[in-house]
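Here is a short briefing on one protein. Take a look at the structure, then read on.

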Amino acid sequence: MTITTERDTYAAALAASDRLDALIDANAAQDRTRFRMLTGDRPTGPLHIGHYLASLRNRVRLQDRRVETFVVIADYQVLTDRDSVGRIGANVHGLVLDYLAAGLDPTRTTIFTHSAVPALNQLMLPFLALVTDAELRRNPTVKDELALSGGRPLSGLLLTYPVHQAADILFCHARVVPVGRDQLPHLELTRAIARRFNTRYATGQRVFAEPEALLGDVPLLMGLDGTKMSKSKGNVINLRDTADETAARIRMARTDSELRVTYEPRRRPEVANLLTIAALFRGESPALLAEAIGDGGARRLKQVVTEAVNEGLAGHRARLAELARDPGHVTQVLREGNARAVALAEQTLSTVRAVMGMGH
Ligand code: TRP
């Protein structure tokens, strides 16, 4: 008997992701839509360097590799773990600014909010009928978020948001979904929904293809205090922070009492995390960077990290300042992105209704 562990599954997912990555380059010149990509963020606050290094940069690279790109601002998803949407308008605006500053180009990338796309949301109804409550309840992200919610009752939206996410992905027939390890179960569910839709409602026609995960190669980054990065803990550097704010935050970062800087992720996680951040911005290896700093100690380490982050983000921040001068531009980008998403979602919904015999 073979026992498949989460690690085996992850190794297989990584191998599949590498194959997909190679195919993207081989294909890009011929057909931009074949590897259409969708990913997204919840508009809960400013993006930080963790988002930038682990996902935003990669989206821009994929766009520039001629992959047709969709980015959903998941505004309804904000309600899965909080009672109100908060400053949602400002948060959506801020996200679009960061996307544009990072290099997402609205003529090649469709940026939209899912609340503006009714047909996308309607897909959730037939999709909900294709999953069981047991499947939803054992989803690890739903479980984790429930655990973090401090004993609040489980809302229907939290339980079903992986299905909503499937609608985000399938409405535009995305084939590639860049995700972190934690989102793999969502993608499995999306694949199951695509398969079940085809067999149960479409007599085997391939209305939906199964999307594939593209896994990032950036290790999990910690906040400056050595714990999980979190906006509410204030242990992050936001992309929009000034160079001085960045320096001040890094000065307060936690290190340890050893004089010499070495790269030992297990034994010295805080120092290793700072090295990794600097190394990712500089495109170097953290171990070599540690050797170069050596006896310079924590003081020198923090200088190096501050320079790396500020230099790495200088262009982004200059573009943010430039974009902020024309708030109407963001509104325009969203309006156009939403219109494109609406057109596509209506097409998909009309196919769905037709194959289900509801197309009158
Ligand atoms: N759940 C994702 C997050 O919290 C955001 C998201 C919404 C998403 N819809 C998506 C990601 C579809 C990938 C595909 O970051």
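How much area does the protein expose, and what share of it do carbon and sulfur atoms supply? The protein exposes about 17,700 Å², and carbon and sulfur atoms supply 54% of it. Accessible areas come from the Shrake-Rupley method with a 1.4 Å probe, and for residues only the protein chains shown count as cover.

This is a predicted model: local features need pLDDT of at least 70, side-chain atom pairs count only at pLDDT 80 or more, and totals for chains, interfaces and linings use all residues. Residues are numbered from 1 along each chain as its sequence is written, and side-chain values use heavy atoms, leaving out hydrogens and water.

**Overall build**
- The protein has 13 helices and 5 strands. These are DSSP runs numbered from the N terminus: helices are H or I with at least four residues, strands are E with at least two.
- The radius of gyration is 22 Å, close to the 21 Å that the globule rule gives for 360 residues, so the protein is as compact as a globular protein of that length. The radius is taken over C-alpha atoms, and the rule is 2.2 Å times the number of residues to the power 0.38.
- The C-alpha atoms fill a box of roughly 75 × 60 × 50 Å, taken along the principal axes.

**Burial**
- Of the 360 residues, 48% are buried. Buried means under 20% relative accessible area, exposed over 50%, partly exposed in between (1.4 Å probe, protein chains only).

**R59**
- R59 sits in helix α2 (residues 49-64).
- R59 is buried, with a relative accessible area of 3%.
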